[in-house]
Amino acid sequence: MTFSKLGLSSPIVDALNTQGYDSPTSIQTKAIPIALQGKNLIAAAQTGTGKTASFVLPILERLKDSETKKKKRIRALILTPTRELAIQVNDSIKAYAKNLNLTSMAMFGGVDEKPQKQALIEGVDIVVATPGRLIDLYGQRAVYFEEVETLVLDEADRMLDMGFIDDINKIIARLPEDVQNLLFSATLSNPVRELARTAIPHAEEIAIAKQAASKPNIEQWITTVDKDKKSALLSHLIKDNEWKKTLIFIETKHGAAKLVSQLEKRDIKAEAIHGGRSQDARAQVLNDFKEGRLDFLIATGVAARGIDIEELPRVVNYDLPFPADEYVHRIGRTGRAGAQGEAISLVSKDDFKNLCMIESRLDHLLERRVIEGFEPRKAVPISILNYVPKHKRQS
Ligand code: AMP
């Protein structure tokens, strides 16, 4: 399959070639033709599958020949759960649209709104926004929705987890009736289906998530360890294996800051990104990591959401996440576009329930490796597959 055969025209295909994309990924092959026909679409796809291009490219194709840059009147709207993802999607748009006369911007809170308003006055075709700031600017009449042709809900499951449902509904209610809706979500959970049922009528549905959950090019393993030995074990693994570029997930921002100093004591330079740091600090740290000036990035799940780092060889779960799909999201950061990846989890007795849920979701036990000197005093039992926590049985 080629991008031109999917119905994309040469300025776009040329830009993709510059990016080094030879052929479309499976989600792109399925989603692009449907979206190009103007149909509504619900797609189950995680980060790392090429999902961003699968909604951006049809938008570019559909918008490219009509009048662009109308004052305050945007023509495509992409909603994302976090500012990091908004920035990243906008970067992708800029790369894919480099031969077109279309403009785009990322819009998110926590920063001065004036430059965003100014950009809208000058005219922006595609806005990638987190819901709160968008509603704010809409309320101030800084942006109008009458000419919106396509709405994308990116990482819909995460937006719902983060409590954006009311904001999303408010935005949808203000869009033109005939808008095209595209929903992308790592999982089609009940709340996502409910949103889709009310907001996205007559949608075609495609799914590739299950397959991606067990990507064979990601080597996954766990090691059991007592909680109070985790930072020593992590330092040991980093030094012993000479790890470089590693993304380390941790549950709390307090834990992230503490881990930075624990690693520092062992001469390992790490930085943390979490909701408690300023936007500028987060952007700086992320850049340093992306460009190889920083090897160890510690992130809470929310701050790391959707972050795309090319050639990320390894992720570490310092804690095991809940829900299990978060694990799948996290390991999907590595082994992208066919590259080899490694995902290691440090599992203590406290993590046992989450381990059961994750291994049930994957449908197999994860390989356990013993690291000499770190064998736990409190053993972690072998999981029960098909484990369903009591309070979740109904959903
Ligand atoms: P996404 O799932 O949208 O976060 O994309 C994951 C990564 O795959 C990004 O780094 C993209 O640049 C890359 N990518 C997307 N589509 C392709 C493609 N067709 N060929 C090669 N790489 C791609």
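This is a short talk on the two domains of one protein chain, their sheets and some of their helix contacts.

Good morning, everyone. One thing up front: this is a predicted model. Keep that in mind throughout.

Let's start with the overall layout. How is the protein chain divided into domains? The assignment gives domain 1, residues 4-211, and domain 2, residues 213-392. The C-alpha centres of domain 1 and domain 2 are 29 Å apart.

Now the sheet with strands S1 to S7. This open sheet has seven strands. Read across it and the order is S3-S4-S2-S5-S6-S1-S7. The pairing is parallel. Which strands stand at the edges? They are S3, residues 104-107, and S7, residues 204-207. Each has a single partner strand, so one side of each has no neighbour in the sheet. On average, neighbouring strands here are turned by 15° against each other, direction ignored.

Look at the S3 edge. S3 pairs with S4, residues 126-129, in the parallel sense. Four bridges join S3 and S4. Find Met 107 on your screen. Its bridge partner in S4 is Ala 129.

Next, a helix on this sheet. H3 lies across four strands: S2 at 76-79, S4, S5 at 150-153 and S6 at 180-185. The direction of H3 makes about 165° with S6.

H3 has helix partners too. How do we describe such a pair? Two packed helices are described by the angle between their axes and the distance between those axes. Let's do that three times.

Pair one is H2 with H3. H2 covers residues 26-36. The angle is about 30°, and the axes are 9 Å apart. Angles under 35 degrees count as roughly parallel, and H2 and H3 are therefore roughly parallel to each other. The crossing is right-handed. Who makes the contact? From H2 we have Ile 27, Gln 28, Ala 31, Ile 32, Ala 35 and Leu 36. From H3 we have Lys 51, Ala 53, Ser 54, Leu 57, Pro 58, Glu 61 and Arg 62. By class, that contact has eight nonpolar, two polar and three charged residues.

Pair two is H3 with H4. H3 spans residues 51-63, and H4 spans residues 83-96. Their axes come within 10 Å and cross at roughly 50°. That makes H3 oblique to H4. Again, the crossing is right-handed. On the H3 side, the contact uses Thr 52, Ala 53, Phe 55, Val 56, Leu 57 and Leu 60. On the H4 side, it uses Val 89, Ser 92, Ile 93 and Tyr 96. How many of these residues are charged? None: the contact of H3 with H4 has eight nonpolar and two polar residues, and no charged ones.

Pair three is H4 with H13. H13 covers residues 279-290. The two helices pack at about 55°, with axes 11 Å apart. That makes H4 oblique to H13. H4 passes H13 in a right-handed crossing. H4 brings Arg 83, Glu 84 and Ile 87. H13 brings Gln 279, Arg 282 and Leu 286. The classes for H4 with H13 are two nonpolar, one polar and three charged.

Over to the sheet with strands S8 to S14. It is open, has seven strands, and runs in the order S10-S11-S9-S12-S13-S8-S14. The pairing is parallel. S10, residues 270-273, and S14, residues 367-368, are the edge strands, each pairing on one side only. S10 pairs with S11, residues 296-300, over four bridges in the parallel sense. Glu 271 stands opposite Leu 297 in S11.

Two helices to point out on this sheet. H11, residues 230-240, touches S8, S9, S11, S12 and S13. H11 makes about 155° with the direction of S13. H15, residues 324-331, lies across S8, S9, S12 and S13. H15 runs at about 155° to S12.

One last residue: Lys 269. Where is it placed? Lys 269 sits in the loop between H12, residues 253-265, and S10. Leu 294 is 25 residues away along the chain, yet the two C-alpha atoms are separated by 7.5 Å. Leaving aside neighbours within four places in sequence, Lys 269 is in contact with Leu 294 and Phe 296.

That's the tour. Thanks for listening.

Note on methods. Residues numbered from 1 in each chain as written. Predicted model: local features only at pLDDT ≥ 70, side-chain atom pairs only at ≥ 80, totals over all residues. Heavy atoms only, no water. Axes fitted to C-alpha atoms, helices over the stretch in contact; angles between N-to-C directions. Parallel < 35°, antiparallel > 145°, perpendicular 65-115°, else oblique. Left-handed = near helix turned anticlockwise from the far one by under 90°. Contact = heavy atoms within 4.5 Å. Nonpolar A, V, L, I, M, F, W, Y, C, P; charged D, E, K, R; others polar. Pairing = 2+ DSSP bridges. Domains from an automatic or database assignment.
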